Amino acid sequence: MSRRYLIRRLLLVVPVLLGTILLVFGMVFLAPGDPIARLAGNKPLSPSTIAVMTQRYHLDQPFVIQFWEYLKALSHGDFGATFTGRDVSEIIKERFPVTLKLAIGAFGIELVLGLALSIVSAVKRRTWIDSSILVGTLFMITIPTLVVGFVLQYVFGIKLGWLPVAGVQAGWQSYVLPSLTIGLGLAASIGRLGRSDILDNMTGEHIRAANARGLPRRRVIGHHVLKNSLVPIVTILGLDLAYLMGGAVITETIFNLPGLGQSLIVGVRTSNGPLVVGLVMLFAIIFVFTTLIVDLLCARIDPRISYE
Amino acid sequence: MPEPLFTVENLQVEFRTDDGVVHAVDGVSYTLEKSEVLAVLGESGSGKTVHARAAMRILDTPPAFITGGSVRLGDMELLTLDEEDMREVRGSQVAMLFQDPHTALDPVYTVGEQLIELLKARRRVSKREATEVATALLGRVGIPTPRERLKAYPHQLSGGIAQRVMVAMAVALEPAVLLADEPTSSLDVTVQAQVLELLGSLVAETQMAMVLITHNLAVAVGLADRIAVMYAGRIVELGPAREIYSDPKHPYTAALLRSIPDIQIREERLPAIKGAPPNLLRPPTGCAFHPRCPLADDRCKAEVPPEVEVRPGRWSACFHADEVTR
Amino acid sequence: MSNRPTSDTEGAADPLDTVEGQTVTLWSDVRRKLKRDRRFWIAAVLIAIFVGMAIAPQLFFTDSLDPSQCELSDSAKGPSHAHWFGTDILGCDYYTRVVYGARTSIEVGFVVGTLIVTIALSLGSASGYFGGKTDMIISRFADVWFSVPTTLGAILLLSLFGGGGTLAVALVLVFFGWPDMTRLVRSTVIGGKHRGYVRAAKTMGSPSRTIMRRHVLPNGIAPVLVFAAYTIGGAVGGEAGLTFLGVGLRLPSISWGLQISIAQTRFTSDPYLLFFPSLFLSFLIGGFVLLGESLRDALDVKLIEDA
């Protein structure tokens, strides 16, 4: 990829990152009203807690200073502290491994199953295989994650008793059902997107030309069709991975996994504002960097992107 | 008498669409010998591109279906070959050159990668050998600094250079027949001449036979030995290039010739062929050209004129062939 | 160009007329393809049913079913002849409550859809057509917004500002969801503004806004329609998810998300409580997905952004 593009793209991270942090920070501290009350969910707080909070977030100073101090803290890995004085970063460190394992599990399913489905249904288009994949994936997309989670829990956990339905005590087995819950839906959408993408590319003139040169079919599909189809697929995969890193909120709730997502919901339910803000901030930052990686990957795959 | 190098006989291709059946190619026949250039001249929709793709069997089926006729290389029938065997034929015996190099080349691989891929897959050479051959090929088609060009991506190349790359790929396996589908239509006029010259020299050098598909009469006359004029899926006139140019024997050909503006004559309006190309879903009865033809009579409306040898080596599908003037 | 075209020239018509003519033919072609597509009809029927449920739920009730009829003694009884979907925890007829739930979802879906389409069309076309500074500003904003994941941002906003009514949920979804379609419109406009008919209109002195309205947008509307269908489906799912998590609607509102959240605790004993709202939710989302797909095929749209 051209150096110009690389540098431009890397430089872009700075304003976007700052903007994102500002957006999230602004939602809490810039909006009219008392930020502390908002964070506390209008629950009463003791004066000493309020004092600690005010000091920590520099609420007695102009917004610019508040933001600046927040940035400084962030760069040291300080994501704020809850009302009880606990560091959010500590909570993050504690819960991240669970979310990470779930993310890997779900992503693995999405990647392998999704790509397989899209290639098979594209290559076998108009056959019964293609039709069944289309119907199957449609099901998986439309059924909301919550429902899938419950159904899997019920069938495999309770009725059949094969897999655990909650918690992480059973080692890797605990992650099977949750990974499937999210992974199947994601695989389904990759399957459909990939299929239409591949089909579009299969009718391209350069594919016809490749066939006209007598290249083996496997090569034409595996090399030419595939690489041309990758950009949108990689984009979606990347975004999904970022989303997964943020903790699949619903799934972690259903299966009672002590990850970041569950932490977020608990924070919401207990009006633990600082925790919620800290976590959302983390996810947004992860997102910015994931988008960067995705963009760079796509530029590597399709030279037209970077050479403009 | 030995079989001609390349024979197309009564080729029939139809497109089955939701709105009906279109006979895109309706009985096309011609033969080709070594070193011969046959120009297939026609408007869009005349079937010229479809017939070539049918010969190479790279049509999208559905909606296209080859419903009749024969395409032979020597005495080998191509239309009934196994797909595996046909793949062997493609590129190494019969090759195709496409119109727009920027859509016909894969945009995500370098030019070198695509050339080398072809050589390695079809000629079983090592990467290093393939690179040498590829460099030589690019040089042969007139691309300066070929070794550096191998690393370029298609969109980085100008139209002329990119088309030369396509020519290189088409002749890389030394095919006996080249089907060139409007190879210069997407190029600037000055570059067109260069590419045509290149094709001409390749034909002379390798004794390759070439079918030059074009809508541009000047291109046809410049390079071809013979011209086949196509209209609505059929060949309406076939003969030596010079003769067709000076003495057409079909009203359509004559109208085409008349529509070329003459720089020396001052005109108020550009002469065009009146009417519009036929709707192939509901083609006219009888001769497809009759609605636009000044010589048309009732017989033309009722009967389809057969191809008749009106002079030795001159074929015309018109009841009034002898009345045609330039 | 010193010669004015003579009146009987079969030459080019006024570019505006040509575009109009083209558009009409294209649309009749699209209509035909849609009519033949089974998915379109399934989607249309499903969506029509749910819209009907939203506008006039009474149409779906018979005399014996009454939404306000709640007998605690009837609590949590399975489906029966009297109560087609059984009763909920408070003993109210479940069928009527699930039907009522359609209203929330449809409301949110259409509000979100309309707002996002409006924003996307205005910002996206301005950004794509004018380029330069306008484009840079809008695109950077979109990038920033885009980095905050919709669900999480929504959770944050809703939890901070409490009170989740349908309007609040819809606005929050729009607040985080606008960049996606805006980017799409932008790239469509960028692809379209170089067309011949646009240049022709420009040289004839058409003001930019007119060009955008009459030429660029109508020809670029196809991907927007498709994406709008997906967006509405996503909004419906989004509201259900947010309500389920507790940040969306609260009792006594009726929402499938709420019903699912309550049903979750009694999953093993009364699975039907979970089944029916999930079914309705899936069908509504499915309807929009199918609509989007059939539109996509009929309009022959490639939703993928060009580099």
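A polar contact here is a pair of N or O atoms within 3.5 Å, where one must be able to donate a hydrogen and the other to accept it. Keep that cut-off in mind for the interfaces below. The model on screen is predicted.

**Stop 1: chain A against chain B**

Select chains A and B. Between them, 13 residue pairs are in polar contact, with both residues at pLDDT 80 or more. On chain A, the elements that give two or more residues to this side are α9 (205–212), α10 (217–245) and α14 (303–307). Colour α10(A) separately: its 7 residues are the largest share of the side that touches chain B. By class, this side of chain A has 8 nonpolar, 6 polar and 9 charged residues.

Now widen the selection to the whole contact. Chain A puts in 23 residues and chain B puts in 28. Together they bury about 2,400 Å², with 57% of that on carbon and sulfur atoms. Show R208(A), A212(A) and R213(A) as sticks. These three lose the most area to chain B, together 27% of what the chain A side buries.

Stay on R208(A). Its side chain meets that of D60(B) in a salt bridge, 3.0 Å from N to O. The count of salt bridges between these two chains is 3.

**Stop 2: chain A against chain C**

Hide chain B and show chain C. This contact takes 46 residues from chain A and 38 residues from chain C. The buried area is about 3,800 Å², and carbon and sulfur atoms give 81% of it. Pick L23(A), M27(A) and F150(A). They supply 16% of the area that chain A buries here, more than any other three residues.

How many residue pairs are in polar contact between chain A and chain C? The count is 1, with both residues at pLDDT 80 or more. Select helix α1 (residues 3–29) of chain A next: its 9 residues are the largest share of the side that touches chain C. By class, that side of chain A has 35 nonpolar, 6 polar and 5 charged residues.

Salt bridges between chains A and C number 2. To see one of them, zoom to R296(C) and D200(A), whose side chains meet at 3.5 Å, N to O.

**Stop 3: a salt bridge inside chain A**

Over all chains, the structure has 38 salt bridges. Go to R56(A) and D78(A), which form one at 3.0 Å, N to O. R56(A) sits in helix α3 (residues 47–56) and D78(A) in the loop between α4 (63–75) and α5 (88–123), so the pair ties together parts of chain A that are 22 residues apart in sequence.

**Stop 4: the open sheet of chain B**

Bring back chain B as a cartoon. Follow 8 strands in the order β6-β7-β8-β3-β9-β10-β12-β11, an open sheet with mixed pairing. Why is one side of β6 (94–97) and of β11 (308–311) left without a neighbour? Both stand at the edges with a single partner strand each, so nothing in the sheet flanks the other side. From one strand to the next, the twist averages 25°.

Select β10 (residues 234–240) and β12 (residues 314–316) of chain B. They pair in the antiparallel sense over 2 bridges. L238(B) stands opposite W315(B) there. Then add helix α11 (residues 251–258) of chain B, which lies across β3 (37–41), β9 (226–231) and β10, at about 105° to β9(B).

**Stop 5: the hairpin of chain B**

Finish on β1(B) and β2(B), a hairpin with 2 residues between the strands. Strands β1 (residues 6–17) and β2 (residues 20–32) pair in the antiparallel sense over 10 bridges. Label V8(B) and Y30(B), which stand opposite each other. Then select β4 (residues 64–73) of chain B: 8 bridges join it to β1(B), and the two run antiparallel. Here T7(B) stands opposite R72(B).

Conventions: Residues numbered from 1 in each chain as written. Chains lettered and ligands numbered in written order. Predicted model: local features only at pLDDT ≥ 70, side-chain atom pairs only at ≥ 80, totals over all residues. Heavy atoms only, no water. Pairing = 2+ DSSP bridges. Helix = DSSP H or I, 4+ residues; strand = E, 2+ residues; numbered from the N terminus. Axes fitted to C-alpha atoms, helices over the stretch in contact; angles between N-to-C directions. Contact = heavy atoms within 4.5 Å. Buried area = accessible area lost by both parts, 1.4 Å probe. Salt bridge = Lys/Arg side-chain N within 4 Å of Asp/Glu carboxyl O. Polar contact = N/O pair within 3.5 Å; in protein donor to acceptor, adjacent residues only side chain to side chain. Nonpolar A, V, L, I, M, F, W, Y, C, P; charged D, E, K, R; others polar.
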